[in-house]
Amino acid sequence: METAAHRATWKTLLAFAIIYFVWGSTFLAIRVGVREVPPLILAAMRFFVAGVVLYGWMIARGERSPSLREWRSAALLGAVIFVLDYGLLFWAEQRVPSGVAAVMLATIPVFMALSEIIFLRTQTFTVRLVLALLIGLGGVAVLMSRSLNLGGAPIDKMGALALIFASISWSVASALTRKLPLPASKVMSSGAQMLAGGILLTLTAAALGEFRNFHPGSVSRGVWFALLYLIVAGSIVGFTAYVWLIHHESPTKVGTYAYVNPIVAVLVGYFLGGEALSVRTIVGTVFVLISVVVITTTRAKKPVATPPVEKYADAVES
């Protein structure tokens, strides 16, 4: 009994370590990749391969393939999550440091709370929520402001706007997930969404002319390694660890990755990516994380379904 309990404890610790540190580090891997590979092509390769692996794995285990109706839902979510959310993240990391990008995406709960108040009506405005929303938006303002003298340059405006829109896209996807018909298996559902998202990202990259200037032979080994890390560690291993934890730990504990990932991303970017760690970045990060903690620990007015499984990033994801 003690040996089994000890094994379970180590599995739990390992799974938490994966979603904390692997997902937090994927932001730097994206930053490395987009230096040589067009952003949408890089995102397409990541999610198409990961989707094929997860989908194929579930089919091999005897899982039913999604129905036509479920594939339509997966395609819609693939467009919102992977083309808009992740596509914008990959594009923005050409202009914004990886750690700051992670902090900006940590505002997802802010926009999810707003959507729950305005559209789903599962939350109401309270003093606690209003303060949390203002603090979170204040953190974003600190990162973007050109008038505050906090050291470090404000982040690129276009990159910041892309990341804000990416966060909004994720909150929209969370609302859609509660309404759309999807496979009962979380792994099959996520695999189908990644597969559809990978195909849509490829088509979008082609439409925007990214393939014209892409020469695979000129891509360095370091970038191919970053892509492999994103596919295997970030999407497949990270997602598997997340699903295992969801079935063995409380959602509140598992949801703590939303607080840890931005901190990990900022530190990894500083120590391994040579990114600046200014007072501006620290203050903005603290504001956003306080907002996230308050919002995610505020009880909903009525029970709601779990948001999309694959994170942010890299929740899935990244």
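**Aromatic pairs and overall dimensions of the predicted model**

Tyrosine 257 is buried, with a relative accessible area of 12% (buried, under 20% relative accessible area; exposed, over 50%; partly exposed, in between; 1.4 Å probe, protein chains only). The structure is a predicted model, in which local features need pLDDT of at least 70, side-chain atom pairs count only at pLDDT 80 or more, and totals for chains, interfaces and linings use all residues. Residues are numbered from 1 along each chain as its sequence is written, and side-chain values use heavy atoms, with hydrogens and water left out.

A search of the whole structure yields 12 aromatic pairs (rings of Phe, Tyr and Trp, the last by its six-membered ring, with centres within 6.5 Å; planes under 30 degrees apart are stacked, over 60 edge-to-face, the rest tilted). The ring centres of phenylalanine 47 and phenylalanine 82 lie 4.7 Å apart with planes at 55°, so this pair is tilted. It links distant parts of the chain, 35 residues apart: phenylalanine 47 belongs to helix α2 (residues 39-60) and phenylalanine 82 to helix α3 (residues 68-92) (helices are DSSP runs of H or I, at least four residues, numbered from the N terminus). Both phenylalanine 47 and phenylalanine 82 are buried. The rings of tyrosine 242 and tyrosine 257, with centres 5.8 Å apart and planes at 90°, form an edge-to-face pair. Tyrosine 242 is likewise buried, at 8% relative accessibility. One aromatic cluster comprises Phe47, Phe82, Tyr86, Phe90 and Trp170.

Of the 318 residues in the protein, 53% are buried. The C-alpha trace spans about 60 × 50 × 45 Å along its principal axes.

Terms used:
Helix = DSSP H or I, 4+ residues; strand = E, 2+ residues; numbered from the N terminus.
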